[in-house]
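Trainee: I'm new to this model and would love a close look at one part of it. Could you take me through the aromatic rings?

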Amino acid sequence: MSPGTAAAAVPARLTPPPALPPRVPFVYILGAGHSGSTLLTLLLGSHPRICTIGEVKAPAIGAPDEYPCSCGERIAACRFWRELSREVAARGARLDIAGGATDIRRAPTAYLRRLLRPLHRGPAVEAIRDAALRLSPEWRGFLDRFQTLHAAVVTAACTITGKDVFVDSSKTGVQLKYLLANPRLDVKVIRLVRDGRGVSLSYRASEGFTFEAGARAWRRANEEADSVVAALPRERWYDLRYETLCREPEATLAALAAFIGVEPLDLRAYSAGPIQHVLGNNKARLRADEIRLDERWRRTLTPEDLHLFDRVAGDVNRRYGYDG
């Protein structure tokens, strides 16, 4: 893709963007990795009222000169990211996309990082974590900077794109815990689940995990997600299966739009939508006819793999309705 093409992908602001409310509508995708969040993010981000930059907590992208934006340009050369940095700076924050400031776990001291590393584990454990965090003199300032930066990123992205709802596909539960406490964000959660056998296979293929390690990672991530949403009012989160999204995309997206509070997405216009600028994937665009269910695990996993998965995480998988 040429630089000129990428530059044209940033919408021209011919009319002022809509005025944002004091609390910006913010949708967080929560769940294990490799569960379909890229597909869901790109679908939602093509809606005329929804913007996204993918995983705001910024996965380990390394040098921005090397990491590709989903538009095809490197982050450092992408016009959208340069404009986003300027808008964030105008709001009193600094967007260092490779520096970790958008990830709550990358705190400035070893003490804070140690406390923020464990997964979310329910009210009692979280109360202990909170009490220990308050013992650090650096905690309050770091948390304030974290919340200010996220509010700045969200409002800046909405301003640039002329949209008024923001989607974050960061997925982790501890990150979400502190976003729920951000006074500038009106947070709703999409609780995304995929059959753990498919996710474990993806962890093995993409991350180099052993199959057992992938199954354990899938189980821990979903147990964390369940712990977070258990404390939320039911109207604040939506329970979504990856398989349902792929089999029934129009009906699923209509239900998600109603949950978020926007008009339904027209899938006929999806593949013709604007190029997006998304972290956490390398796909500039998916066509509507590419929304197809990935169940390679059914023909790839051996009986030994399936037995191992059942021993490690089968009970959780069945609780989500995956019996076959």
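Which does Phe 166 count as, buried or exposed?

Mentor: Happy to help! This is a predicted model, in which local features need pLDDT of at least 70, side-chain atom pairs count only at pLDDT 80 or more, and totals for chains, interfaces and linings use all residues. Residues are numbered from 1 along each chain as its sequence is written, and side-chain values use heavy atoms, leaving out hydrogens and water.

Phe 166 counts as buried, at 0% relative accessibility (buried is under 20% relative accessible area, exposed over 50%, partly exposed in between, with a 1.4 Å probe and protein chains only). Phe 26 is buried too, at 1%.

The structure has 8 aromatic pairs (Phe, Tyr or six-membered Trp rings with centres within 6.5 Å; planes under 30 degrees apart are stacked, over 60 edge-to-face, the rest tilted). Among them, Phe 26 and Phe 166 are stacked, because their ring centres lie 5.8 Å apart with planes at 15°. Phe 26 belongs to strand 1 (residues 24-30) and Phe 166 to strand 3 (residues 165-171), so this pair ties together parts 140 residues apart in sequence (strands are DSSP runs of E, at least two residues, numbered from the N terminus).

Phe 80 and Trp 81 make an edge-to-face pair, since their centres are 5.6 Å apart and their planes stand at 90°; both residues are buried. Elsewhere, Trp 139, Phe 142 and Tyr 178 form one aromatic cluster.

Charges meet rings as well. The charged end of Arg 234 sits over the ring of Trp 237, 3.8 Å from its centre (CZ of Arg or NZ of Lys within 6 Å of the ring centre and within 35 degrees of the ring normal). Lys 188 lies over the face of Phe 259, with 5.2 Å to the ring centre.

How values were computed. Helices (H or I, at least four residues) and strands (E, at least two) are DSSP runs, numbered from the N terminus.
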